[in-house]
Amino acid sequence: MARRTAVAWAALGPLLWGCALALQGGMLYPRESPSRQRKELDGLWSFRADFSHNRRRGFEEQWYRRPLRESGPTLDMPVPSSFNDISQDWRLWDFVGWVWYEREVILPERWTQDLSTRVVLRIGSAHAYAIVWVNGVDTLEHEGGYLPFEADISNLVQVGPLSSQLRITIAINNTLTPTTLPPGTIQYLTDTSKYPKGYFVQNVYFDFFNYAGLQRSVLLYTTPTACIDDITVTTGVEHDSGLVNYQISVKGSNLFELEVRLLDAENKLMANGTGTQGQLKVPGARLWWPYLMHERPAYLYSLEVRLTAQTSLGPVSDFYTLPVGIRTVNVTKSQFLINGKPFYFHGVNKHEDADIRGKGFDWPLLVKDFNLLRWLGANAFRTSHYPYAEEVLQMCDRYGIVVIDECPGVGLELPQFFNNVSLQNHMRVMEEVVRRDKNHPAVVMWSVANEPASHLESAGYYLKMVIAHTKALDPSRPVTFVTRSNYAADKGAPYVDVICVNSYYSWYNDFGHLELIQRQLTTQFENWYKTYQKPIIQSEYGAEAIVGFHQDPPLMFTEEYQKSLLEQYHVVLDQKRRKYVVGELIWNFADFMTEQSPTRVLGNKKGVFTRQRQPKSAAFLLRERYWKILTCNINSPETPNMIKGHE
Ligand code: GCB
């Protein structure tokens, strides 16, 4: 696509804030426990894309009724992975329409025979619309590509002697419409001198490839029929005590008892409680600190919840353990405070993107990325432009990497995208994001959109509503959206807690003129601050560099130009960061794939690492800078040790 007052949260989140959720039920990450088992369904699935003219043959022939191989040829498709880059069939690369996945599974006997066991099918994500059949029975539908969904399938598996054999069929459609998030449009090209009959293309309004498929894990897990459905935790600090507020919901029984225990990292009991809600007090609590802000960052406690419930089949117990980080987040006129101390975001924007697997979740890639983040000295990233896999956020909790959690509100560029149906959908998506990610200490702010057309009146109302809804869902965190509008024209900025602004001086404007950056960036910051008196994050800046391209004096697309552009930005960021600029996030961590266009060379090359995670010159520059910021910023006696540990 290329270019084109201080608010302070009470230290204690209100106990009942989860009540604002309209969604039914919780979406706890499926963890094993003495009462819960998991069966991963990752690996090879059978796959077929429906290339028929109207893309509906699969429904007309009811492919879900029988094993997929019986209705035609299938491919082996790895899960999790995007399907696009796997095959040698070019038609699959930018296929738009329905694709079909199928997997046969044998269940442990106990799961099918023990009626006090509840069996749940959970899909980590399916981009963008999914219909799920279990043994041919229509079981579940979900819209939205980057969030989990699940169904209780006990009734389907506990029905007879053959029930331990399960066939799961998932049809996924990657078509984006004006009311999906992200939105998109289908354009039929009707000039038959140029295009065959029925020819269409999908237009997207964002700058990353619309990878699709089962891109995160699919699994089955069990709970007892009466179980812990959801847990909501908010934390606070009072003198030297940590406060953990919890709220628990239960399903499957009205007659139950709940016991709650908070253990430290050495498994020592720190506090306990009972009932569906309460507050645990931890004297001398160790706080959750971001990476490089404390010698022992990312300290996690464990909240052990034990349910004993009466059911028609007798008493059952359920156990769930949730990692908890005790920390506070506050925003003033000019600062972003974590645990009462000014926090400066020095980090990156990322994408879930890699060779071959596309947006498919991959442990080696994830661990490599975190090693690179730590090598850089980055303390934060934004989940541009959609919520990342839950395992990513778990790593952030454990490593102390602070997250601005963004929903897939990207590409809201056309006036027709700001309608009531889209608004309702956007609010529902925020409910799903908050429901999934609310308990991660690493998540310190919600971003409801990236670069919407926020100069439009209709966008102003729309953003106001989405932001208000998100704040009602979670009053414990600030809310923002990322803008590239002019400060004077932006209709959404009055509603955010932190101004997040993207700019590409000397790249998309005045390209080649690095000498203009300092003037233009200074003006940008001063105008925004004068107008709003809110802290500002430079949420994107950067330049494209094709690895190995060199030119001095620097020219565009060389490593030298990318480096020089960053250096010019850094001069101004250094002047402003002691005042009201509270963060800088480079665009982008790594090169990533985009749709094909004359302005993209095998994708977007603004990464400081290549797509294969090798450093460009800019990565070394950034590394030096981030470690320097650390030494200037922190005067604590631990700083030298922290630096030593990472040299
Ligand atoms: C932006 C977008 C990001 C693009 C980037 C670019 O402003 O937020 O999605 O990839 O610019 O490189 O054009």
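Which side chain meets Arg122 in a salt bridge? Glu390 does, with an N to O distance of 3.0 Å. The model is predicted.

## Domain layout

The protein chain splits into three parts by an automatic or database assignment. Domain 1 is assembled from two segments, 37-174 and 210-222. Domain 2 spans 225-324. Domain 3 runs over 329-635.

## Domain 1 against domain 3

The centres of domain 1 and domain 3, taken over C-alpha atoms, lie 34 Å apart. On the domain 1 side, 16 residues are in contact with domain 3. On the domain 3 side, 25 residues take part.

Interface size is often expressed as the accessible area lost when the parts come together. For domain 1 and domain 3 this area is about 1,700 Å². Carbon and sulfur atoms carry 54% of the buried area. Three residues stand out on the domain 1 side: Tyr146, Leu147 and Tyr211. Together they supply 36% of the area that domain 1 buries against domain 3, more than any other three residues.

Polar links also cross this interface. Between domain 1 and domain 3 there are two salt bridges. Residue pairs in polar contact number 11, counting pairs with both residues at pLDDT 80 or more.

## Salt bridges

The total count of salt bridges is 36. One of these salt bridges joins Arg66 and Glu70, with the closest N and O atoms 3.9 Å apart. The cut-off is 4 Å, so the 3.9 Å pair counts. Arg66 is partly exposed, at 39% relative accessibility. Glu70 is also partly exposed, at 46%.

## A buried charged network

Arg600 and Asp207 form another salt bridge, at 3.0 Å between the closest N and O atoms. This pair links distant parts of the chain, 393 residues apart. Arg600 sits in the loop between S30 and H11. Asp207 sits in the loop between strand S11 (200-204) and strand S12 (218-224). Buried means under 20% relative accessible area, so Arg600 qualifies at 9%. Asp207 qualifies too, at 11%.

Glu544 and Lys606 pair at 2.9 Å between the closest N and O atoms. They also link distant parts of the chain, 62 residues apart. Glu544 belongs to the loop between strand S29 (536-540) and helix H10 (559-576). Lys606 lies in the loop between S30 and H11. Glu544 is buried, with a relative accessible area of 2%. Lys606 is buried as well, at 1% relative accessibility. Through salt bridges that share partners, Asp207, Glu544, Arg600 and Lys606 form one network.

## Lys605, buried without a salt bridge

Where does Lys605 sit in the chain? Lys605 is placed in the loop between strand S30 (581-586) and helix H11 (617-633). Lys605 is buried, yet has no salt bridge. The nearest side chain of opposite charge is Asp591, 4.8 Å away. A salt bridge needs nitrogen and oxygen within 4 Å, so Asp591 falls outside the limit.

Which residues are in contact with Lys605, leaving aside its neighbours within four places in sequence? Ala543, Glu544, Ala545 and Ile546 are among them. Gln562, Asp591 and Lys616 complete the list. Glu544 thus appears in two settings: it is in contact with Lys605, and it forms a salt bridge with Lys606.

Notes
Residues are numbered from 1 along each chain as its sequence is written. This is a predicted model: local features need pLDDT of at least 70, side-chain atom pairs count only at pLDDT 80 or more; totals for chains, interfaces and linings use all residues. Side-chain values use heavy atoms; hydrogens and water are left out. Helices (H or I, at least four residues) and strands (E, at least two) are DSSP runs, numbered from the N terminus. Buried means under 20% relative accessible area, exposed over 50%, partly exposed in between (1.4 Å probe, protein chains only). Lys and Arg count as positive and Asp and Glu as negative; His and the chain ends are not counted. Contact means heavy atoms within 4.5 Å. Buried area is the accessible area (1.4 Å probe) that two parts lose on being put together, summed over both. A polar contact is a pair of N or O atoms within 3.5 Å; within protein, one must be able to donate a hydrogen and the other to accept it, and residues adjacent in sequence count only if both atoms are side-chain atoms.
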